[in-house]
Structure formats: structure tokens, C-alpha cells
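Student: Could you walk me through this structure? I'd like to go at it residue by residue.

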Amino acid sequence: MAKAQIALKVNGKAVDALVEPRTLLIHFLREQLNLTGPHIGCDTSHCGACTVDLNGKSVKSCTMFAVQADGADILTIEGMAAPDGTLHALQEGFREMHGLQCGFCTPGMIVRGYRLLKENPNPSEDEIRFGISGNLCRCTGYQNIVKAIQFAAAKLAGAPVKEAAE
Ligand code: FES
Ligand code: FES
């Protein structure tokens with residue numbers, strides 16, 4: 001199959017690549033760029049494990065072709081920490097508040113939380129729950145994921161963070 005040339009930005013770096021028109025964005029990220037943080041949980045747009053940030057929106061990367069990302073600016077979990085390795089407030093929140101168990105949903109949850117807090121830096125618990133409703137977690141029961149996002153919201157706002165999760 002003839003390949004198409006695409007140019008995009010991924011985690012701040014310029015990327016030029018040849019892709020088959022049928023290649024899904026999630027497969028391009030994982031198999032051509034070796035960015036295996038975004039996971040494949042369903043391939044049917046239900047689970048959100050493949051969530052990335054694309055041009056300022058949360059996108060399930062199994063729902064679009066890589067060629068459609070030509071010219072895009074993409075952030076994956078691999079781009080969340082600072083270059084010196086300092087964790088993003090959301091990563092710290094998930095660690096401190098025990099927002100993960102198996103971790104399969106976590107990269108998508110964190111990237112989704114990133115956009116949620118950009119759009120609403122001080123969300124209520126209901127707004128957090130609604131905001132992550134496209135991301136499924138089969139381990140945690142969501143309670144500590146909500147606490148992790150609340151932790152990050154407080155930290156990013158310079159406010160005191162709540163007590164650690166149990
Ligand atoms: S793998 Fe994309 S939503 Fe589940
Ligand atoms: S921590 Fe296992 S699916 Fe969310």
C-alpha cells in the first residue's frame with residue numbers, strides 16, 4: 001500500500017514519517033514512534049486507554065488515522081514530566097493518592113486529566129467524574145483517581161493539598 005508522508009509534533013519534538021493510510025494513530029504512536037504509554041484497551045473507542053492530547057483536545061487515538069494527525073501537536077504520557085524528570089502534578093497526584101492499581105488506564109487518565117485541568121483548573125468532584133467519564137478503570141473504583149486529580153488541581157493552583165489517600 002502506498003505510504004503517505006506526515007509531519008507533526010509529538011511531545012515537543014518534530015516528527016516526519018511515512019505511514020500507511022490505514023494506520024491508526026495509536027498504532028503509529030506505539031509501533032513507529034515506540035511511545036507505548038498510550039495503551040490499547042478496546043480499539044472500539046470505549047475505554048480511553050489510548051487517550052492523547054491533540055491540538056488542545058483529548059482524543060482517543062484509536063479513533064483516527066495517523067494521516068489525519070498530519071500537522072498536529074500531540075502530547076502523550078511520555079511528554080508529561082519535565083525534561084529533568086520532575087513529575088507533572090498529575091503524575092505526582094496519582095502516585096501520592098494511589099490513583100492506580102494495575103496502571104493500564106493510567107496514561108490515558110493522566111493525559112485526560114491534563115486537558116480537564118486546562119479547561120477547568122478548579123473542578124468540582126462531579127466535574128472531575130464527568131470529565132473522566134470517557135476513560136474506564138476496572139481496578140480502582142475511581143475514588144482515588146478523583147483524589148489524584150484534586151491533588152493536582154490544588155498543587156497547580158499553589159493551594160495546600162488534601163490528606164493522602166488510604
Ligand atoms: S483503545 Fe481507544 S478507546 Fe479503547
Ligand atoms: S488501574 Fe487498572 S484499569 Fe485502572
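Tutor: Sure, let's start with Gly108: leaving out residues up to four places away in sequence, Gly108 touches Gly48, Ala49, Thr51 and Asn135, where contact means heavy atoms within 4.5 Å. Keep in mind that this is a predicted model, where local features need pLDDT of at least 70, side-chain atom pairs count only at pLDDT 80 or more, and totals for chains, interfaces and linings use all residues. Residues are numbered from 1 along each chain as its sequence is written, chains are lettered from A and ligands numbered from 1 in the order in which they are written, and side-chain values use heavy atoms, with hydrogens and water left out.

Student: Is Gly108 buried or exposed?

Tutor: Gly108 is found in helix H3; helices (H or I, at least four residues) and strands (E, at least two) are DSSP runs, numbered from the N terminus. Buried means under 20% relative accessible area, exposed over 50%, and partly exposed in between, using a 1.4 Å probe and protein chains only. Gly108 has a relative accessible area of 0%, so call it buried.

Student: What distance separates the C-alpha atoms of Gly108 and Cys50?

Tutor: Along the chain, these two are 58 residues apart. In space, their C-alpha atoms are separated by 5.8 Å.

Student: Which helix gives the most residues to the largest nonpolar core?

Tutor: A nonpolar core is a set of buried Ala, Val, Leu, Ile, Met, Phe, Trp, Tyr and Cys residues joined through side-chain atoms within 4.5 Å. The largest one has 24 residues, and Leu90 and Phe94 are among those with the most contacts inside it. Helices H2 (89-96), H3 (106-119) and H5 (143-157) each give two or more residues to this core. With 7 residues, the top contributor is H5.

Student: Which residue forms a salt bridge with Glu92?

Tutor: A salt bridge is a side-chain nitrogen of Lys or Arg within 4 Å of a carboxyl oxygen of Asp or Glu, and by this rule there are 5. Glu92 counts as buried because its relative accessibility is 19%. Its partner sits in helix H5, 63 residues apart from Glu92 in helix H2. The closest N and O atoms are 2.7 Å apart, and the partner is Lys155.

Student: Where does His39 lie?

Tutor: At 17% relative accessibility, His39 counts as buried. Beyond four places in sequence, its contacts include Ile26, Cys50 and Phe104. As for the place, His39 is in the loop between helix H1 (25-32) and strand E3 (51-54).
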